[in-house]
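Please look through the structure shown here and read the report that follows alongside it. The report takes up open and enclosed spaces, then sheets, then individual strands and loop residues.

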Amino acid sequence: MITNRLSRTLSAFNRSIRRWEPIPLRNVQSQVTQRLSLISWNIDAFSPRPVSRAKLILSHILEEPTSPDILFLQEVTPEVRASLLDDARTRAAFLATDAEDQTSFKDVPFATMTFLSRACFTSGLDSQKEGDGIERGENFMRGPVARVILPSKYRRDALYVDIAHPMSPGTVIRLINVHLDSLEDTLHYRAQQMKILADVLREPGCCGGIIAGDFNAISPEDDALVDNGLVDAWVALHGRADLDGATWGVGVERRDGLGPGRLDKVAMMGLKAKEIKVLRPGNIEVPRPGEKPVEIPWSDHCGLKFTFII
């Protein structure tokens, strides 16, 4: 069993006292459903105007025909974290990891964050009178939140949230948000990281789950990252030959000659894939002193929207 972990929590925004509050682990349950949706997006820490770009990505996500039940973000900088936690839409729609403190953001340029829909995963704070008239039934119960410390050149970790299986008391489904090590010289780290995380999905009491995010799968050898008894959701639904799965380098010409790649992936165990699609970013204007403004994408990555059945 992997024991090198940093305990985290989910927090909900309490409107009566105007702050994010950690949610205690107890039998807090959600709306009945067996179908869940996830959006994963590397929001690009290093391009200009990161906060404005993150807000546009959030708007795009919330304007989808149905908002996701689960949201994974990668390359969240400290200022973007503060902006997301301060956004009225995030406060109303989601439970958030890493609202309790900035521990995960110390000594690294960026980190991952996970959000769960308040409409699907209720919190103790939802007992506040909101006037929505919703009667919430019994289904998934939230479990522990933690970061698995990984062998890494860049101090990467994996952020997971457990949800209890409604039909199998005592077992959980694990939702793992990842940003694996970058560049060609760290393939051996990525292989170690995925082996560890596949084992995390096999721990006692865990009946499977999802590993999703930026796999940095830049070489043919990276295709083997989704071995270890995992299923690549895109391949399961579209096959390996479908080039529409590219999430990086899409619609741009790069000086290094690298073409579009499927760097972002969803790997699963014990679940059934129903639909997966690529979400293309729009553009934002970047002012340049004394020159004409230029337009850049909201991120150098596209997002992935994945729907699955428990």
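## The largest pocket

In this predicted model, the largest pocket holds about 760 Å³ of space. Its lining is made up of 36 residues, and those that lie nearest the centre of the pocket are F110, Y154, R156, H179 and S182. Two strands, β7 (111-117) and β8 (141-149), each supply at least two residues of this lining. When the lining residues of the largest pocket are sorted by class, 14 are nonpolar, nine are polar and 13 are charged.

## The one cavity

Rolling a probe the size of a water molecule over the atoms shows where empty space is left. A search of the whole structure for cavities of 30 Å³ or more finds one, and the largest cavity contains about 30 Å³ of space. The residues I43, A54, I57, L58, I61, L71, L73 and L84 line this largest cavity. The elements that give two or more residues to that lining are α1 (50-62) and β5 (70-76), and the largest share, four residues, comes from α1. Which classes of residue make up the lining of the largest cavity: nonpolar, polar or charged? Eight of the lining residues are nonpolar, while no polar and no charged residues are found among them.

## A sheet of eight strands

Eight strands form an open sheet with mixed pairing, and their order across the sheet is β3-β2-β6-β7-β5-β4-β17-β14. The edge strands are β3 (19-22) and β14 (272-279), each of which pairs on one side only. On average, neighbouring strands of this sheet are turned by 25° against each other, if direction is ignored.

At one edge of this sheet, β14 pairs with strand β17 (residues 303-309) in the antiparallel sense, and seven bridges join the two. Within this pair, E275 stands opposite T307 in β17.

## A sheet of seven strands

An open sheet of seven strands, also with mixed pairing, has the order β1-β8-β9-β10-β11-β13-β12. The strands β1 (5-8) and β12 (231-232) stand at its edges, and each has a single partner strand, so one side of each is left without a neighbour in the sheet.

## Strand β10 and its neighbours

Is strand β10 (residues 172-179) enclosed by the rest of the structure, or is it left open? Eight of the eight residues of β10 are buried, so the strand is largely enclosed by the rest of the structure. Both faces of β10 are covered, with V172, R174, I176 and V178 buried on one side and I173, L175, N177 and H179 buried on the other. H179, which belongs to this second group, is also one of the residues that lie nearest the centre of the largest pocket.

Strand β9 (residues 157-164) pairs with β10 in the antiparallel sense over seven bridges, and L159 stands opposite N177 in β10. Seven bridges also join β10 to β11, but these two strands run parallel. In this parallel pair, N177 stands opposite A212 in β11, I176 stands opposite I211, and the bridge partner of R174 is G209. N177 therefore faces L159 on the β9 side, as the antiparallel pairing places L159 opposite N177, and β10 itself remains a strand with eight of its eight residues buried.

## Strand β11 and the unit around it

Eight of the nine residues of strand β11 (residues 206-214) are buried, so β11 is largely enclosed by the rest of the structure. Together with β10 and helix α4 (residues 187-200), β11 makes a right-handed β-α-β unit. β11 also pairs with strand β13 (residues 264-269), in the antiparallel sense and over six bridges. G209, the bridge partner of R174, has M269 as its bridge partner in β13.

## Two loop residues with positive phi

Most residues other than glycine have a negative phi, and most peptide bonds are trans. N216, which lies in the loop between β11 and β12, has a positive phi, near 50°. N228 also lies in the loop between β11 and β12, and its phi is likewise positive, near 65°.

Are these two residues buried, partly exposed or exposed? N216 has a relative accessibility of 7% and so counts as buried, since the limit for buried is under 20%. N228, with a relative accessible area of 28%, is partly exposed, because this value falls between the limits of 20% and 50%.

Notes:
Residues are numbered from 1 along each chain as its sequence is written. This is a predicted model: local features need pLDDT of at least 70, side-chain atom pairs count only at pLDDT 80 or more; totals for chains, interfaces and linings use all residues. Side-chain values use heavy atoms; hydrogens and water are left out. Buried means under 20% relative accessible area, exposed over 50%, partly exposed in between (1.4 Å probe, protein chains only). Two strands pair if DSSP finds at least two bridges between them. A crossover is right-handed if, with the strands pointing away from the viewer, the path from the first strand over the helix to the second runs clockwise. On a 1 Å grid over the protein atoms alone, a cavity is a set of points where a 1.4 Å probe fits but cannot get out, and a pocket is an open set with protein on both sides within 12 Å along at least five of seven lines; lining residues have an atom within 4 Å of a point. Grid points are joined across faces, edges and corners, and a volume is the space filled by probe spheres set on the points. Ala, Val, Leu, Ile, Met, Phe, Trp, Tyr, Cys and Pro count as nonpolar, Asp, Glu, Lys and Arg as charged, and the others, Gly among them, as polar. Axes are lines fitted to C-alpha atoms, for helices over the stretch in contact, and angles run from 0 to 180 degrees between N-to-C directions.
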